[in-house]
Every structure is written in C-alpha cells, then in structure tokens.
Amino acid sequence: MKTESSTLAFSAFMALLIGCAGIVATLASNSQAILLDGLFNLIYFSVALVTIKVSKLASRPDSESYPFGYSYFESLVNLCKGLLILGVSIFALVDAIAALLTGGREIAAGLAVLYALFATAACSLTAWVMHRSQRHVSSPLVAADKLNWLVNSVISAAVLAAFCLVMLFERLGWQAILPYVDSVLVIAVVVLCLGVPVRMASQALKELLNKTPEEVIAVPVRQAVASALADIDTQEVRVRMVRPGRLLYVMVHVVLPEASDISVTSQDLLRARVDDEVRRYYSPVVCDVVFTTNTRWAAPSCGLLVEKQP
C-alpha cells in the first residue's frame, strides 16, 4: 500500500471482515471474549469510514470556512477512536465481572479456537501491511491504525491461547473451572490493553487543546529557529508551536532592538531561512515569523524563549 487512502481502505475492509466473523462465531460459541473482539472491529469499521474521509480533507489547503486547514479533524478522529475502544472495553469488563459473579458461562471451545486462529492471522497481516505502508506514507491516521491492529493482534493471540487451554482442561476433566475461563480472559485482556485507548485519546485531546508537541519535536524546531536567526541582533525570540494531526504550526515572534536597521527584504529572507531550517526537522509545517520592536506584543506567558546559538 503506497497511498494513505488505499491503506486506510484496506484497514476498514479487514475490520468489517473480522467483525462480521466475530458476531457469527459468538452466536455459535457463546463466547463474550469473541463478542468483544467482534464489536471492537465493527465499531472500528464505522470509524474507519470517517477516517478515510478525513484523510482526504487533511490534504486540502485552508478555506474560507476553515482558515487553519483540516488537520484538527485528524486529532478529532483519533480522539473518537480512543473513546470508542475505551467504552467497549469498559462494557466488556463490567459484563465479564457480572458473569463471574453468576457462575460463568459455557462456551464451545472448538469453534472459538477456529475463530481466534483466523482473527490472529488477519490482525497480524493487517498490522504488517500498516507497518509496510509507513515507508511510503507519513500519516498520524495510519500510525494510529497500526497501533490498534497491533493491540488487536495481541488480544486475538491471547484469546487463541486461552481457548486452547479450555480444550486442554476438557481433556483433563477439569470441568469446574471451564465456565470461568472466558470471563477471566476478557478481564485480563481489557486490563492489559486499557492503556492503549487511554493514551490515544489523551494525545488527541492535547492536540485539540493546542498543547505544545512533545519535546522530541519541539526541541529540534526551537534549535532550528535559533540557528536561522543566529547572525542577526535580536532582543528576544519567542517560539510557539502546535501540532494538530500531521501538520506542525510554528509561530516565531522576533523582537528587534529599537535601533535595528533590518529592511523588509532582509526580513523576508530571514522568514524563508527559518522555514527551510525547520523543514529539515519536520514536515509538513507552516512557519509564521513576525518581526517587531514591541516587547509587550511579542512576549505573552505561553511563549517559549529561544536562546541564539553561538
């Protein structure tokens, strides 16, 4: 997969396929663990359709209605994904605990093993395709998909291992514990994987609230700005940045000394230099560089002071 849209379309198709197989397998096996997996994939399919639309919007330029472009839609989609997965996980956790307290549930282990084997193979294949596509596509939507499919692969593999144990327990005659295996499995899977949707939703929410990107992105960008402005006399340089989705916005306020004689043409050249330096570390990016001699205008409390490099 060499394009973002084809990669996301493949992800949506696999989610629909596994989700439908999960619902059918649940009716045949009576396993809540399989139901959890099926619901997860069906919900993911519905969100994937929106994701494909957003991926097309994100590549568009800004417009009259959206003067800052459509990158925030990517963060919004990832927030919805995280919250939906979190909601399904909590629902499954509550249901599993209730089943444990009421004596568990019997399942058809043979059918469950067949489904789990199919789901593990399908999820692993999809995660591998997502990983390969990242060589050609740099997209937070594809990155989030890859993470989700990796988690889904682990869940399916754990379900497969547990159902194999059920078949082993049946052969050993340990009938007393069989009704509880499915519920214990659901609880274990939810507890182990709960951090993934929480982190996904948390990161997307920070992007929507215009929080400064993580240091691995922010530090090189600040250094790039300082390098671009190293040969001019500045009183103060303030850098602000936000990253909604894949696009990084960098706003640089350069406070010049009162006696500065930098011409408008020189300022334009400096703007181009800052843009080029920042693009060496991150792309796509929008750089806005403003020169002023008014310290009060350029130094609000949210700004980040950048020291010039020697």
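A pocket, as the word is used here, is an open set of grid points where a 1.4 Å probe fits, with protein on both sides within 12 Å along at least five of seven lines. The largest pocket in this predicted model encloses about 410 Å³ of space. UniProt, in an unreviewed entry, assigns six spans to the feature "transmembrane region": residues 7-28, 34-55, 76-101, 107-129, 149-169 and 175-196. The structure as a whole contains zero disulfides.

**Annotated transmembrane regions**

- Residues 7-28, one of the spans that the UniProt record lists, are 100% helix and 0% strand. The C-alpha atoms at the two ends of residues 7-28 are 32 Å apart.
- Residues 175-196, also listed in that record, are 82% helix and 0% strand. For residues 175-196, the distance between the end C-alpha atoms is 35 Å.

**Largest pocket**

- The lining comprises 20 residues, of which Asn78, Pro140, Ala143, Glu207 and Arg243 are the closest to the centre of the pocket.
- At least two lining residues come from each of helix H3 (72-101), helix H5 (140-172) and helix H7 (195-208).
- H7 provides the largest share of this lining, with five residues.
- By residue class, the lining of the largest pocket consists of eight nonpolar, six polar and six charged residues.

**Second largest pocket**

- The volume of the second largest pocket is about 170 Å³.
- Its lining includes Ala58, Arg60, Pro61 and Asp62, together with Pro67, Phe68, Gly69, Tyr70 and Ser71. Leu247, Tyr249 and Val286 also line the second largest pocket.
- Eight nonpolar, two polar and two charged residues make up the lining of the second largest pocket.

**Cysteine 164**

- Cysteine 164 forms no disulfide because the closest cysteine sulfur, in cysteine 123, is 16 Å from its own sulfur, too far for a bond. The cut-off for a disulfide is a pair of cysteine sulfur atoms within 2.5 Å.
- The relative accessibility of cysteine 164 is 37%, so this residue counts as partly exposed.

**Histidine 253**

- Histidine 253 is located in strand E2 (residues 248-255).
- With a relative accessible area of 15%, histidine 253 is buried, because buried means under 20% relative accessible area.
- A polar contact of 2.8 Å joins the side chain of histidine 253 to the side chain of arginine 240.

Methods: Residues numbered from 1 in each chain as written. Predicted model: local features only at pLDDT ≥ 70, side-chain atom pairs only at ≥ 80, totals over all residues. Heavy atoms only, no water. UniProt positions renumbered as here; feature names shortened; annotations may be inferred. Helix = DSSP H or I, 4+ residues; strand = E, 2+ residues; numbered from the N terminus. Buried < 20%, exposed > 50% of the residue type's maximum accessible area, 1.4 Å probe, protein only. 1 Å grid on protein atoms, 1.4 Å probe; cavity = no way out; pocket = protein on both sides within 12 Å on 5 of 7 lines; lining within 4 Å. Points joined across faces, edges and corners; volume = space filled by probe spheres on them. Nonpolar A, V, L, I, M, F, W, Y, C, P; charged D, E, K, R; others polar. Polar contact = N/O pair within 3.5 Å; in protein donor to acceptor, adjacent residues only side chain to side chain.
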